[in-house]
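Student: I would like a close look at one part of this model. Please start there and then work outwards.

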2 protein chains.
Amino acid sequence: GSPGEADPVEAEEFIRQHHAEDPRLGPPEPRLEQVRWQIATTGTYRHTPAELSFGARVAWRNSANCIGRLYWRSLRVRDLRAVDDPWGVFVGCVNHLKLATNGGRIRPVITVFAPDLPDRPGPRIVNDQLIRYAGYREPDGSLLGDPRNEALTATALSLGWRAPAHRGRFDLLPLVVQTANRPPLMARLPADVVHEVPITHPELPELAELGLRWHSVPAISNMRLRIGGITYPAAPFNGWYMGTEIGARNFADTDRYNLLPVVAEMLKLDTSAEHTLWRDRAMVEINRAVLYSYHAAGVTITDHHTESARFITHLRGEERAGRSCPADWSWIVPPMSASQTPVFHRYYDTQALLPNFLPAEPEPV
Amino acid sequence: GSPGEADPVEAEEFIRQHHAEDPRLGPPEPRLEQVRWQIATTGTYRHTPAELSFGARVAWRNSANCIGRLYWRSLRVRDLRAVDDPWGVFVGCVNHLKLATNGGRIRPVITVFAPDLPDRPGPRIVNDQLIRYAGYREPDGSLLGDPRNEALTATALSLGWRAPAHRGRFDLLPLVVQTANRPPLMARLPADVVHEVPITHPELPELAELGLRWHSVPAISNMRLRIGGITYPAAPFNGWYMGTEIGARNFADTDRYNLLPVVAEMLKLDTSAEHTLWRDRAMVEINRAVLYSYHAAGVTITDHHTESARFITHLRGEERAGRSCPADWSWIVPPMSASQTPVFHRYYDTQALLPNFLPAEPEPV
Ligand code: HEM
Ligand code: HEM
């Protein structure tokens with residue numbers, strides 16, 4: 001099919017799966033006939049609200065990289081398929097963050113904007129997450145902020161974004177939304193919808209002096225939601241954080257905030273040789289700080305031990321339901337103390353399933 | 001072919017590879033003709049000493065689960081192919097340990113005993129490592145020692161092994177060697193060839209009171225060395241330890257010595273909730289103790305940071321040589337502080353190559 005046309009084979013499989021998993025819907029044939037007719041006459045079809053909700057939840061259930069799938073049934077699905085203009089998408093994202101943040105008791109939410117249609121691509125969010133900190137390349141070659149977002153920061157600046165007068169390590173980037181045949185929209189998230197947590201340590205008061213902070217809601221915004229042969233290119237979703245995402249990766253990766261040498265110095269660790277395991281020790285302490293700070297701020301967060309055990313519960317449930325649960329070992333196993341988590345000690349199904357979240361389309365150049 | 005017959009396709013590939021990688025050998029055709037003739041008339045062929053050395057080293061180079069492959073060229077290959085009787089194998093293993101231990105400056109060594117021949121299987125070492133600690137199932141259902149070796153301990157006892165009068169957590173198991181048409185041989189390793197390290201901690205004197213120890217040489221003894229279509233079922237090999245094998249797995253796995261709760265108590269950590277990360281903290285300290293103790297005892301050991309960097313060097317070397325370097329991410333990436341090691345942040349070739357070490361044959365029942 002041409003871009004934006006619905007895949008009829010995927011469509012049929014999806015409708016059959018939906019009816020099989022929800023017997024109240026009765027036999028799939030009547031709905032299949034409608035869908036075939038819509039595809040034959042228009043090149044695509046419209047999901048019912050029930051199909052959209054089911055499809056989005058199953059896309060989460062099928063996300064092989066996600067350890068947090070136990071609660072896949074509880075995903076809140078916001079149907080904003082009528083929205084395909086950039087301002088509408090921006091406002092939809094702002095409201096998404098309010099609903100998801102919920103004063104700290106984070107709710108898993110997905111907002112589904114207009115799909116790709118034959119000859120009319122849906123809107124697209126350029127940011128890979130709704131909330132991102134700027135990464136500035138300084139004249140002396142060094143990098144201020146989050147190195148991961150260097151390209152996004154450059155894009156924003158080239159579109160006219162005015163960085164704060166005093167640039168910092170945690171400057172919020174604007175949202176950039178693209179739609180067909182229009183210039184991209186760039187807009188700042190209102191400060192009050194971006195909930196953040198200052199990072200402190202239960203026993204090391206000096207750590208607070210580093211001025212670290214992180215946002216409460218991880219909302220991935222550039223993956224394409226694929227349901228029954230239809231692609232929704234703008235469908236931001238969020239859960240809550242697992243502490244290691246912040247403590248073991250964002251703060252610790254040498255190509256991110258690279259904080260372990262600073263923390264090690266604060267702890268007066270012997271960094272003269274690797275075998276003192278100063279990195280490992282500093283890693284534990286920064287992760288303790290993250291979990292402690294989110295708890296102290298009343299913001300939902302999970303740790304890798306608890307979440308690994310939950311994932312094993314989820315696997316058992318899927319097995320009982322007679323379903324395959326695809327999982328990528330290298331993503332599911334946490335990035336620290338891996339062998340202390342039960343997910344380390346087994347292998348997983350790897351066959352990819354649909355519905356699912358597909359990687360972002362490569363950036364147009 | 002029937003069991004023990006050499007695979008002529010693998011044989012030819014191996015001879016060609018040997019001659020390609022060592023141009024001093026000249027064109028492979030003359031040797032190929034010999035090999036074909038030997039296989040046609042006897043069902044198998046004999047490796048030259050140079051082929052055996054090359055094959056064993058390349059088997060190491062191709063071991064997708066091994067992070068320690070940088071030094072593959074330096075493997076010492078002991079040619080004991082003439083030995084196929086159980087006592088000979090036992091004595092060969094004892095001498096292997098002496099050569100490998102080298103007073104603490106561990107040397108990577110492999111000892112190759114008789115191959116499988118048509119209608120005459122080679123000898124087989126039942127122990128999965130030359131040095132293993134007993135795991136006793138006690139009358140009350142608890143387990144004393146290393147739970148991993150419960151079955152091997154039961155086998156040894158059933159063959160008449162007399163455990164020490166005072167059973168402990170680190171009792172050396174005897175070696176069990178099997179050959180065709182004979183009862184298995186069981187024999188104790190002389191105490192002086194089993195070099196061990198008492199575990200102490202640089203800052204926590206109480207840790208020494210736990211009476212922990214571990215052996216200096218990890219020598220895998222039940223994998224089958226496969227070279228050029230010939231199987232050597234007894235070919236024990238060793239490198240030196242990477243600290244996490246002992247600290248993060250043998251001592252810490254909940255189905256092994258399960259020491260983290262004990263270490264956490266010693267450190268007075270708050271174990272009331274997972275999010276205090278007491279497991280992670282205790283994991284770092286037991287690993288520091290392992291590295292510290294081996295260094296203090298003058299026994300070669302490596303840490304996961306250093307070894308990961310070496311493995312990246314090895315990968316570059318293999319790339320430069322125009323070779324694929326198969327690697328299994330889930331084995332190569334260390335079981336703690338994974339994202340702090342460079343091996344975490346990339347993928348690997350996964351296509352299996354020969355020569356190689358194949359898993360042990362399933363235990364005959
Ligand atoms: C409810 C709490 C949740 C937790 C604790 C959780 C946890 C995680 C973690 C730790 C990762 C790996 C992230 C990384 O290493 O970069 C991940 C990835 C992922 N999660 Fe979840 N998740 C949650 C909710 C959700 C929801 C609601 C969805 C979708 C509806 C989702 C879909 C995904 C997807 C698609 C990925 C892979 C992202 C990629 O490939 O870049 N997760 N999750
Ligand atoms: C010189 C130092 C060496 C180091 C530091 C090293 C390190 C390691 C490590 C950490 C593992 C994973 C072990 C586990 O998680 O159970 C491993 C596996 C392995 N190594 Fe090495 N190694 C070394 C030498 C050797 C040598 C000399 C050979 C063979 C000649 C070898 C062959 C293998 C094989 C076959 C495995 C996989 C074992 C299995 O699948 O159970 N290694 N190595």
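Which residue is the only protein donor of the iron atom of ligand 1?

Tutor: This is a predicted model, so keep that in mind throughout. The residue you want is Cys66(A). Its SG atom sits 2.3 Å from the iron atom of ligand 1, and no other protein donor is found there. Donors count only within 2.8 Å of this metal, and water is not among the atoms, so the site may look incomplete.

Now place Cys66(A) in its chain. It lies in a loop of chain A, between helix α3 (49-61) and strand β1 (76-79).

Turn to the other chain. There, the iron atom of ligand 2 has Cys66(B) as its only protein donor. Again the atom is SG, and the distance is 2.3 Å. Cys66(B) is in the loop that runs between α3 (49-61) and β1 (76-79) of chain B.

How do the two chains relate? Turn chain A by 180°, with a shift of 0.0 Å along the axis, and it can be laid on chain B with an RMSD of 0.0 Å. The two copies are thus related as by a two-fold rotation axis. To find that axis in the view, look for Met336(A). Of the residues of chain A, its C-alpha comes closest to the axis, at 2.6 Å.

Next, the interface. Of the interface residues of chain A, 100% are also interface residues in chain B, so the copies meet through the same surface. One helix pair to look at is α8 of chain A with α8 of chain B, residues 278-296 in each. Their axes come within 10 Å and cross at roughly 170°. An angle over 145 degrees counts as roughly antiparallel, so α8(A) and α8(B) are roughly antiparallel. From α8(A), the contact uses Asp280(A), Arg281(A), Val284(A) and Glu285(A). From α8(B), it uses Asp280(B), Arg281(B), Val284(B) and Glu285(B). Sort these by class and you get two nonpolar, no polar and six charged residues.

Now a helix pair inside chain A. Helix α1 (residues 8-21) and helix α2 (residues 29-42) have axes that come within 10 Å and cross at roughly 160°. That makes α1(A) roughly antiparallel to α2(A). The crossing is right-handed. On the α1(A) side, the residues in contact are Pro8(A), Ala11(A), Glu12(A), Ile15(A), Arg16(A) and His19(A). On the α2(A) side, they are Glu29(A), Arg31(A), Leu32(A), Val35(A), Arg36(A) and Ile39(A). By class, this contact has six nonpolar, one polar and five charged residues.

Check the pair in chain B too. Helices α1 and α2 of chain B pack at about 160°, with their axes 10 Å apart. They are therefore roughly antiparallel to each other. Their crossing is right-handed. The contact of α1(B) with α2(B) has six nonpolar, one polar and five charged residues.

Finish with some backbone details. The peptide bond from Leu354(A) to Pro355(A) is cis, with omega near -10°. Pro355(A) is in the loop between α10 (329-332) and β16 (356-358) of chain A. In chain B, a cis peptide bond joins Leu354(B) and Pro355(B), and omega is about -5°. Asn258(A) is another residue to find: it is not a glycine, yet its phi is positive, at about 50°. Look for Asn258(A) in the loop between α6 (243-250) and α7 (260-266) of chain A.

Definitions and conventions: Residues are numbered from 1 along each chain as its sequence is written. Chains are lettered from A and ligands numbered from 1 in the order in which they are written. This is a predicted model: local features need pLDDT of at least 70, side-chain atom pairs count only at pLDDT 80 or more; totals for chains, interfaces and linings use all residues. Side-chain values use heavy atoms; hydrogens and water are left out. Axes are lines fitted to C-alpha atoms, for helices over the stretch in contact, and angles run from 0 to 180 degrees between N-to-C directions. Helices (H or I, at least four residues) and strands (E, at least two) are DSSP runs, numbered from the N terminus. Angles under 35 degrees count as roughly parallel, over 145 as roughly antiparallel, 65 to 115 as roughly perpendicular and the rest as oblique. A crossing is left-handed if the near helix is turned anticlockwise from the far one by less than a right angle, and right-handed if clockwise. Ala, Val, Leu, Ile, Met, Phe, Trp, Tyr, Cys and Pro count as nonpolar, Asp, Glu, Lys and Arg as charged, and the others, Gly among them, as polar. Copies are superposed by least squares on the C-alpha atoms of residues with pLDDT of at least 70 in both. Contact means heavy atoms within 4.5 Å. Donors are N, O and S atoms within 2.8 Å of the metal (3.2 Å for Na, K and Ca); water is not among the atoms, so sites may look incomplete.
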